Amino acid sequence: MGLGALADNPDVPNVEPEILTPAGRRWVERAQRPLDVLAVVFLIDVILIWSFPDGPAAFLNTLNVIAWIVWACFAVDYVARLLLSVGKARFVRTHKLDLLMVLLPMLRLLRIFLLLRRSLASVSTEKIAGSIVSIVVAAVFVSAFFMWRVEYNAPGATITTFRYALWWAIVTTTTVGYGDYTPVTLAGRVIATAVMIVGVGLIGTVSATVAAWFVRRHSEPSTETADVASVDVEPAAATTTHTQALLLDRLDELAAKQDEIRAMLIELQRPPTSS
């Protein structure tokens, strides 16, 4: 299904629902998860084929049959979406990667990366950073394995063992790049490019997470500070109310004294009465 299917998925940006008919969109929704599973199966199948090139004939034949079954499923999916598209020429033009994934078997591994991208798109940065160690370990070991398999018997190769490949994957993922072990084949350089992109992305994710944490710490008051502030405000409010009540009582007393003084002045100003 590949990138075109992702374009037809309403949960992914850059959606182009007009490319497919309603029946085509229903097909995409139903076929997406099974094809994701088949992409993982194909990855495991390739790893087993590369790990045991001299294995029993029955074992290798079984792995090849599985690879052909996966290819057939991807081909059926592409043909089905082509038939269920609004414009056939436009579908072919906008889904070139899907066609390449059918024509070139190894490109079906790209679906693994598309699956990861779709999965991580709905996950917050904090959650991604929380599992960053697992992501790094998986990326290092997978890239080291593939690099070892494509380089170990190449003329002039320096990555001839899995141990060397693992060291190369670590220094490349962390963007250190000592250069003591370098790929010499085209496939190895393609893998190296992907690993470098993954390494830069992981470092960017960690940096963004740390920056977001500092911004959040400075922009939002902590609960403890808010509680202390509320405790300080309540006594202050109570003190102000009590002071106002005392002032009002004192004013009432002064007003009463003024009335008494005024009455006494009026009495003194009256003329004395003759007896």
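How many salt bridges does the count come to? The count comes to one salt bridge, and this tour will take you to it. Keep in mind as you look around that this is a predicted model.

**Stop 1: helix H3.** Select residues 57-83, which make up helix H3. This helix has 27 residues and reaches 39 Å from its first C-alpha to its last, close to the 39 Å expected at 1.5 Å a residue. Now color its buried residues: among them are Leu-60, Leu-63, Val-70, Phe-74 and Tyr-78.

**Stop 2: the salt bridge.** Stay in H3 and show the side chains of Asp-77 and Arg-81, which form a salt bridge. Their closest N and O atoms are 3.1 Å apart. Side chains of opposite charge can pair when their charged atoms come close. The two residues are four apart in helix H3, about one turn. An α-helix has 3.6 residues a turn, so residues three or four places apart point the same way. Are Asp-77 and Arg-81 buried or exposed? Both are buried.

**Stop 3: Trp-68.** Next, pick Trp-68, also a residue of helix H3. Trp-68 counts as exposed because its relative accessibility is 59%, and the cut-off for exposed is over 50%. Add Phe-42 to your selection: Trp-68 and Phe-42 are 26 residues apart in sequence, while their C-alpha atoms are 9.6 Å apart in space.

**Stop 4: a surface patch.** Finally, move to helix H10, residues 186-219, and find Trp-213. Trp-213 is partly exposed, at 41% relative accessible area. Select Val-206, Val-210 and Phe-214 as well, and you will see the residues that, with Trp-213, make a nonpolar surface patch of about 360 Å².

Key:
Residues numbered from 1 in each chain as written. Predicted model: local features only at pLDDT ≥ 70, side-chain atom pairs only at ≥ 80, totals over all residues. Heavy atoms only, no water. Expected span 1.5 Å × (residues − 1). Buried < 20%, exposed > 50% of the residue type's maximum accessible area, 1.4 Å probe, protein only. Patch = residues over 30% accessible without salt bridge, like charges linked within 9 Å, V, L, I, M, F, W, Y side chains within 5 Å. Areas by Shrake-Rupley, 256 points an atom, 1.4 Å probe, with all protein chains shown as cover. Salt bridge = Lys/Arg side-chain N within 4 Å of Asp/Glu carboxyl O.
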